[in-house]
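This report is a short description for a reader who is new to the structure. The sequence and the model come first, and the text follows.

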Amino acid sequence: MVMAATNFTSSLKKTGISVPSTAQIKQSASSFKRWGRKYPFVRYGLPLISLTVLGSVGLGHLLQGSKEVEKVKDDREWEIIQTTRALSRTGPLEGSKRKQISLEEELKALQKSVDINNYEYKRIPKPNEGKTGAS
C-alpha cells in the first residue's frame with residue numbers, strides 16, 4: 001500500500017504536478033483549526049445558515065415541480081370537460097348548469113317532508129348488544 005502511494009507521488013512529480021508533503025498538510029489543517037477557533041461564526045454559523053438557505057431553495061424547487069405537475073393534470077381535466085360540452089348534442093350538459101335556489105323554497109320543502117309533531121320513539125341499541133336488538 002505504501003509502495004503504491006510512493007509510486008503515485010513519484011509519477012505526479014515526473015509530470016510536473018507539485019505534491020504537498022505531510023508536514024505541509026498538517027500545517028494547513030492546524031491553521032484552518034485555528035481560524036475556526038478564532039472565528040466561531042465561520043465554524044458554526046456559516047454552515048448552519050448556508051444549509052438553511054440551500055435547503056429552502058432546494059425545497060422550493062421541488063415544490064415548484066409538484067405544482068407544475070398538478071397544473072398539467074388540472075389543464076387536462078379542464079380540456080376533457082370542455083370537449084365533453086362541445087361534443088354533446090344539445091350544447092352544454094345539464095349537469096353543468098346550476099339552478100337558482102332560494103332559502104324560502106328550501107325551507108318549505110323541508111317542512112313538507114318532515115313533520116315535527118308526529119314522531120315515534122325508537123330505541124337505539126347499545127354497542128355490546130349487536131344487531132339482535134333488545135328483547
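## Aromatic pair

This predicted model holds one aromatic pair. The pair joins tyrosine 119 and tyrosine 121 in an edge-to-face arrangement. Their ring centres lie 5.7 Å apart, and the angle between the planes is 90°. The arrangement counts as edge-to-face because the cut-off for that class is an angle over 60 degrees. Tyrosine 119 is exposed, and so is tyrosine 121.

## Helices and confidence

The chain contains four helices and zero strands. Read from the N terminus, the order of elements is α-α-α-α. Mean pLDDT for the chain is 78, with 74% of the residues at 70 or more. The table gives the two ends of the range of mean pLDDT among the elements.

| Element | Residues | Mean pLDDT |
|---|---|---|
| Helix H1 | residues 2-15 | 62 (lowest) |
| Helix H4 | residues 103-113 | 90 (highest) |

## The annotated span

An unreviewed UniProt entry carries the annotation "transmembrane region" for residues 41-63. In the model, that span is 100% helix and 0% strand. The C-alpha atoms at its two ends are 31 Å apart.

Phenylalanine 41 belongs to helix H3, which covers residues 40-87. How much relative accessible area does phenylalanine 41 have? The value is 49%, so phenylalanine 41 counts as partly exposed. The cut-off for exposed is over 50%.

## Surface

Phe41 is also one of the residues in a nonpolar surface patch. The other members are Leu46, Ile49, Val53 and Val57, and together the five have about 470 Å² of accessible area.

For the chain as a whole, the exposed area is about 13,600 Å². Carbon and sulfur atoms account for 62% of that area. The chain has 135 residues, of which 2% count as buried.

Definitions and conventions
Residues are numbered from 1 along each chain as its sequence is written. This is a predicted model: local features need pLDDT of at least 70, side-chain atom pairs count only at pLDDT 80 or more; totals for chains, interfaces and linings use all residues. Side-chain values use heavy atoms; hydrogens and water are left out. UniProt positions are given in the numbering used here, feature names are shortened, and annotations may be inferred rather than shown by experiment. pLDDT is the predictor's confidence in each residue, from 0 to 100. Buried means under 20% relative accessible area, exposed over 50%, partly exposed in between (1.4 Å probe, protein chains only). Accessible areas come from the Shrake-Rupley method with a 1.4 Å probe; for residues, only the protein chains shown count as cover. Patches are made of residues with over 30% relative accessible area and no salt bridge: like charges are joined within 9 Å, nonpolar side chains (Val, Leu, Ile, Met, Phe, Trp, Tyr) within 5 Å. A salt bridge is a side-chain nitrogen of Lys or Arg within 4 Å of a carboxyl oxygen of Asp or Glu. Rings of Phe, Tyr and Trp (its six-membered ring) pair if their centres lie within 6.5 Å; planes under 30 degrees apart count as stacked, over 60 as edge-to-face and the rest as tilted.
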